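Student: Please take me closely through one exposed loop position, and then relate it to the rest of the chain. I am new to this structure, so a connected account would be welcome.

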Amino acid sequence: MNKFAVFSGFLGAGKTTTMMALTQYYSAHYGKAAMISNDLGTGVTLADHKLAQLSGCRASQITGECICFCHDVLTTRLAEYYAQGCELVLSDIPGFGVGALEHVYHGLAENYPGQFDLAPFTVLIEPRNAALLQAGRADEMGVILDAQLREADLIVLNKCDLLDQDTCGGALAWLRQHYPQASVLAVSAKTGEGLDALSLALREGQASLQHPDIDYEAEDLQGAMGRLSEYYLQYRAIVCCNNFDGNAYLRDLAQAIQYAAGEGGFEFPHLKLLAWGPEGDFAKADILGVNRPVEMPRCFENPCVDLAVILNTSAVCPDEALDRLLGEAVKQVSDRYQLELTIFKKDHFGLGEENDEGESDEKADS
Ligand SMILES: Nc1nc2c(ncn2[C@@H]2O[C@H](COP(=O)(O)OP(=O)(O)OP(=O)(O)O)[C@@H](O)[C@H]2O)c(=O)[nH]1
Ligand SMILES: [Mg+2]
């Protein structure tokens with residue numbers, strides 16, 4: 001079995017966390033599984049990929065290009081995993097993921113007939129966005145969420161640990177009614193609930209290779225994408241004071257960024273801050289919107305004196321303003337903690353046509 005599944009879904013829906021949990025669950029109960037983190041930054045280590053590695057997952061990354069447009073890289077990587085005995089390989093998709101059904105699934109089916117066993121095209125949604133969509137209050141994001149869900153063969157309502165049974169049942173029923181082409185199930189990547197059902201759905205199910213009636217060139221869809229900017233930063237921080245608290249540093253930095261974003265009228269659907277020490281201890285902070293509390297899904301267990309840090313985000317903010325905002329926040333908070341910084345890599349660019357000048361700054365290997 002050479003199964004391949006794309007995990008699409010909105011920023012912060014939990015694609016990476018679910019791919020990590022599923023890769024481990026599937027490998028323990030069914031057969032070898034692996035995951036690929038895919039994003040647009042060039043020559044960088046992705047926070048998502050490093051997180052998967054630090055968590056012990058069989059994982060790799062494809063950077064600098066969406067898997068929609070680099071089938072040679074994708075199929076070579078898949079072939080390597082299958083040669084190693086993997087039965088299931090998962091990959092996410094950069095940005096909003098809309099269009100991946102056409103570009104990845106139909107592309108593979110047409111250009112590599114019979115070579116890949118395509119699992120149901122999987123779209124994750126988190127309860128908050130499902131509720132906004134259900135209430136008709138998702139605004140511009142609603143267009144994106146709706147297009148994502150219409151591409152799905154399998155809709156996964158993730159983070160069901162945050163819902164009581166009735167609310168979860170109501171959200172599942174609404175999704176089933178509005179997206180009848182898809183199977184719908186609930187999981188919690190955090191607690192492991194639903195991972196067996198998801199494993200079986202991918203193992204036994206097949207992609208429908210449907211052609212949903214979506215206007216991919218629609219102004220609202222393209223407009224939303226065009227307002228996004230991507231930012232990738234990798235640095236090393238050497239600790240100078242004795243009582244350094246790495247968890248407090250990450251939380252303060254995330255909150256400083258969140259505050260500055262709010263002041264500037266920008267939105268950060270997802271910003272990831274991952275830090276790790278030489279012994280493999282690691283911590284992560286997430287911004288999932290300027291008005292939501294900063295999440296710390298993982299904290300350092302031990303004191304640290306030497307940190308590697310990756311900051312990645314897709315933000316609704318012009319490229320230059322984003323570079324300034326993040327540069328200032330990193331400097332100010334790091335100075336407050338008396339950290340000596342060495343920037344290794346930086347890549348940032350806007351996704352809109354008028355905003356795609358970007359800058360790549362590669363100073364040394366990570
Ligand atoms: N409570 C809860 N939180 C979760 C769950 N899955 C993911 N999260 C949290 O949601 C946040 C976003 O998760 P990610 O897996 O990084 O989301 P993503 O879809 O990969 O995000 P992008 O890479 O930005 O597209 C993180 O803080 C996770 O810890 C879950 O099942 N329950
Ligand atoms: Mg991710």
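Tutor: Q338 counts as exposed because 12 C-beta neighbours lie inside 10 Å, and a residue with 12 or fewer such neighbours is classed in that way. The model described here is a predicted one. Q338 sits in the loop between helix 11 (319-336) and strand 14 (339-350). Its phi is near 55°, which is a positive value in a residue other than glycine. Most residues other than glycine have a negative phi.

A second position invites comparison. D139 also has a positive phi, near 50°, and is likewise a residue other than glycine. D139, however, is found in helix 6. With 9 C-beta neighbours inside 10 Å, D139 counts as exposed.

Helix 6 (residues 139-151) also has buried residues, namely I144, L145, A147, Q148, L149 and E151. The elements that cover them include strand 1, helix 4 (100-111), strand 6 (122-125), helix 5 (127-134), strand 7 (154-157) and helix 9 (219-226).

Strand 1, which is part of that cover, leads to strand 4. Strand 1 (residues 3-9) runs parallel to strand 4 and is joined to it by five bridges, with K3 standing opposite L88. Strand 2 (residues 33-39) also runs parallel to strand 4, through four bridges, and here M35 stands opposite L90. Five of the five residues of strand 4 (residues 88-92) are buried, so this strand is largely enclosed by the rest of the structure. L88, L90 and D92 point one way from strand 4, while V89 and S91 point the other way.

On the wider scale, the chain is divided into domain 1 (3-220) and domain 2 (229-362). Their centres, taken over C-alpha atoms, are separated by 25 Å. In the contact between them, 14 residues of domain 1 meet 20 residues of domain 2. The side of domain 1 that touches domain 2 consists of seven nonpolar residues, six polar residues and one charged residue.

In soluble globular proteins, nonpolar side chains tend to be buried together. The largest nonpolar core in this model has 112 residues, and I125, I155, L157 and L273 have the most contacts inside it. Both domain 1 and domain 2 give residues to this core, so it lies between them. Leaving aside residues up to four places away in sequence, L273 touches L250, L253, A254, K284, A285, V309 and L311.

A254, one of the residues that L273 touches, may be set against A83. The C-alpha atoms of A83 and A254 are 41 Å apart, with these positions 171 residues apart along the chain. A83 belongs to helix 3 (residues 71-83) and is exposed, with 8 other C-beta atoms within 10 Å.

Finally, there is the surrounding of ligand 1. Of the 21 residues around ligand 1, G14, T16, T17, K190 and P297 come nearest. Helix 1 (15-29) and strand 12 (295-298) are the elements that give two or more residues to this shell, and helix 1 provides the largest share, three residues. By class, the shell holds six nonpolar, eight polar and seven charged residues. Domain 1 and domain 2 each contribute at least three residues to it.

Technical notes:
Residues are numbered from 1 along each chain as its sequence is written. Chains are lettered from A and ligands numbered from 1 in the order in which they are written. This is a predicted model: local features need pLDDT of at least 70, side-chain atom pairs count only at pLDDT 80 or more; totals for chains, interfaces and linings use all residues. A residue is near a molecule or strand if its C-beta atom, placed from the backbone, lies within 6 Å of it. Ala, Val, Leu, Ile, Met, Phe, Trp, Tyr, Cys and Pro count as nonpolar, Asp, Glu, Lys and Arg as charged, and the others, Gly among them, as polar. Domain bounds come from an automatic or database domain assignment. Two residues are in contact if their C-beta atoms, placed from the backbone, lie within 7 Å. A residue is buried if 20 or more other C-beta atoms lie within 10 Å of its own, exposed if 12 or fewer, and partly exposed in between; C-beta atoms are placed from the backbone. Two strands pair if DSSP finds at least two bridges between them. A nonpolar core is a set of buried Ala, Val, Leu, Ile, Met, Phe, Trp, Tyr and Cys residues joined through C-beta atoms within 7 Å.
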